[in-house]
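Let's go through this model by question and answer. Each answer sets a value against its rule.

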Amino acid sequence: AVVQGRWVLTLDEEVEDGAAGRVILAEESLSLVDLASASRLRNRRVAQDVAEWLDVARRPEGVAPEVWEGRVRDAVLSGVPGAGPLDIDPSEDPTDGVLAFGAVALVSAALFGVATSAVLGPAIYDAAYAIPY
């Protein structure tokens, strides 16, 4: 996922020799986090990717990992359907079972036909073409 954002930097007054001032305040705004906070983000996978990125790359120094994880979960994942900690991704395609059942039914019907013709075939053939004495 692409995370778009913007930085707003507040600088000190210029220091002597024309050098730029130092940064006294830096504010970061991330568009996907803003969407998630407003409960407008509906893509579960994007929300999970943003939460993972925030947890790994944007955790501030001095904040305990558990506290930061809770903040990220509240800000990003709480309003996205299907992104909760107990929601599980489906592990298989639901049509796989139908395909397997159809294949087993087809093979079973073919084997039944072959077995039936092997057992009943000679009796039917003999009865149909028997020469009366």
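Q: What makes Glu 28 and Arg 58 a salt bridge?
A: A salt bridge needs a side-chain nitrogen of Lys or Arg within 4 Å of a carboxyl oxygen of Asp or Glu. The side chains of Glu 28 and Arg 58 meet at 3.1 Å, N to O, so the pair fits the rule. Glu 28 sits in strand 2, and Arg 58 in the loop between helix 2 and helix 3 (65-77). The two are 30 residues apart, and the pair links distant parts of the chain. Helices (H or I, at least four residues) and strands (E, at least two) are DSSP runs, numbered from the N terminus.

Q: What kind of model is this, and how are residues numbered?
A: This is a predicted model, where local features need pLDDT of at least 70, side-chain atom pairs count only at pLDDT 80 or more, and totals for chains, interfaces and linings use all residues. Residues are numbered from 1 along each chain as its sequence is written, and side-chain values use heavy atoms, with hydrogens and water left out.

Q: Why is Glu 28 called partly exposed?
A: Buried means under 20% relative accessible area, exposed over 50%, and partly exposed in between (1.4 Å probe, protein chains only). Glu 28 has 34%, so it is partly exposed. Arg 58, at 33%, is also partly exposed.

Q: How many salt bridges does the rule give?
A: The count comes to four. One of them joins Arg 22 to Asp 12, with the closest N and O atoms 3.1 Å apart. Both residues lie in the loop between strand 1 (5-11) and strand 2 (23-30), so the pair ties together parts that are 10 residues apart in sequence.

Q: Are Arg 22 and Asp 12 buried, partly exposed or exposed, and why?
A: Arg 22 has 59% relative accessibility, so it counts as exposed. Asp 12 has 29%, so it counts as partly exposed.

Q: What makes Asp 49 and Arg 45 a salt bridge?
A: Their side chains meet at 3.5 Å, N to O. Both lie in helix 2, four residues apart, about one turn of the helix. An α-helix has 3.6 residues a turn, so residues three or four places apart point the same way. Asp 49 is partly exposed at 24%. Arg 45 is partly exposed at 48%.

Q: How do you know that the span of helix 2 agrees with what is expected?
A: The expected span is 1.5 Å times one less than the number of residues. Helix 2 (44-57) has 14 residues and should span 20 Å. Its end C-alpha atoms are 20 Å apart, so the two agree.

Q: Which residues of helix 2 are buried, and how do you know that they line one face?
A: Ala 47, Val 50, Ala 51 and Leu 54 are buried. Seen down the axis, the buried residues fall within an arc of 100°, so they line one face of the helix. The arc is that of the directions from the helix axis to the C-beta atoms. On the other side of helix 2, Glu 52 and Val 56 are exposed.

Q: What is unusual to look for at Ser 39?
A: Ser 39 has a positive phi of about 60°, although it is not a glycine. Ser 39 is in the loop between helix 1 (31-37) and helix 2. At 37% relative accessibility, Ser 39 counts as partly exposed.
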